[in-house]
Amino acid sequence: MTSAAPHDLVVTQATLADWPVIAGWAAAEGWNPGLSDGPAFFAQDPDGFFLGRVDGEPVSAISVVNYGAAYGFLGCYLVRPDLRGHGHGLTTWKTALAHAGSRTVGLDGVVAQQDNYRQSGFELAHRTIRFTGTAAQHETPAGVRPAGAADLAAITAYDSACYPADRPRFLAEWLTGPGHRAFVRHDGARLTGYGVLRPGHDTLRIGPLFADTADDARALFAALTADAAGRGVSIDVPEPNAAGVALAEEAGFQASFETARMYTGPVREHARHRVFGVTTLELG
């Protein structure tokens, strides 16, 4: 997919080799991307990433990652600061959004862009608040253990109940990526939650944190941060999950950033009450 625009902008699909450019721009915006997000992102949809170039130099980026036939997620919408105001972002947006076809598309929009997203047909679902703090010293709770290869099927099924689409390709990479640490919680018979901690540019990042109850989420949160005492940690909590907000506040974390989850249409029903921390603002 290629699109030409005024000022000789050419938009083409990006490759994994282009990811450091996109991640670098995201880091400069203060979004704190994960240090090893690229392989998991591209595993889900290798055709869903786009770069706009002028004279061969990257100036804009976006991702529209498809999950099956009904759902896609838009992220990584960026324009180099010195080249904003020339229409590069809008052209890149239009080119990439066509990749979603007739799918409902979700995004996590920063405050400054939310009015523009509404004009493009996105409607507010909820606010998401990023909480950031310092991990405390504690022991890993009983009933929580590191996830292993044998847990992949159960985690994938649990994730599908908590997310608007199935994403096995993404999870296979996300659970085992460099520096990623995944934990599961069991009640003795079944999985009652799982979570992942990964290194970011500024802090460690928790995401997802999916759990049946606040107690399950609290135990997973403790396990994820047990080896990170004294280090900065961030988690993006859907504001409607009051127990998730309380969990972050009880840990002494402070609200540091916010986005809005927005959709262009209906999404598959899923267990929103289990979402104590979203996976990633880039892919939902």
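**Exercise 1. Classify the lining of the largest pocket in this predicted model by residue class.**

Solution.
Step 1. Take the classes in turn: the lining has 15 nonpolar, 12 polar and 5 charged residues.
Step 2. Set the space beside this: the largest pocket holds about 620 Å³. Its lining comprises 32 residues, and Tyr77, Leu78, Val110, Gln113 and Tyr117 are the closest to the centre.
Step 3. Assign elements. At least two lining residues come from each of strand E5 (71–79), helix H3 (88–97), strand E6 (104–110), helix H4 (114–119) and strand E13 (254–263). E5 gives the most, 6 residues.

**Exercise 2. Describe the second largest pocket: its space, its central residues and its lining.**

Solution.
Step 1. The space is about 260 Å³.
Step 2. Of 19 lining residues, those closest to the centre are His126, Pro238, His270, Arg272 and Val275.
Step 3. Two or more lining residues come from strand E7 (123–134), and likewise from E13.
Step 4. By class, the lining of the second largest pocket splits into 10 nonpolar, 6 polar and 3 charged residues.

**Exercise 3. Decide whether Gly34 is buried or exposed, and find its contacts distant in sequence.**

Solution.
Step 1. Locate the residue. Gly34 sits in the loop between helix H1 (19–28) and helix H2 (38–44).
Step 2. Apply the cut-off. Buried means under 20% relative accessible area. Gly34 has 1% relative accessibility, so Gly34 counts as buried.
Step 3. List the contacts. Leaving out residues up to four places away in sequence, Gly34 touches Arg198, Pro199, Gly200, His201 and Arg205.
Step 4. Add a distance. Leu197 is 163 residues from Gly34 along the chain, and their C-alpha atoms are 9.8 Å apart.

Terms used: Residues numbered from 1 in each chain as written. Predicted model: local features only at pLDDT ≥ 70, side-chain atom pairs only at ≥ 80, totals over all residues. Heavy atoms only, no water. 1 Å grid on protein atoms, 1.4 Å probe; cavity = no way out; pocket = protein on both sides within 12 Å on 5 of 7 lines; lining within 4 Å. Points joined across faces, edges and corners; volume = space filled by probe spheres on them. Helix = DSSP H or I, 4+ residues; strand = E, 2+ residues; numbered from the N terminus. Nonpolar A, V, L, I, M, F, W, Y, C, P; charged D, E, K, R; others polar. Buried < 20%, exposed > 50% of the residue type's maximum accessible area, 1.4 Å probe, protein only. Contact = heavy atoms within 4.5 Å.
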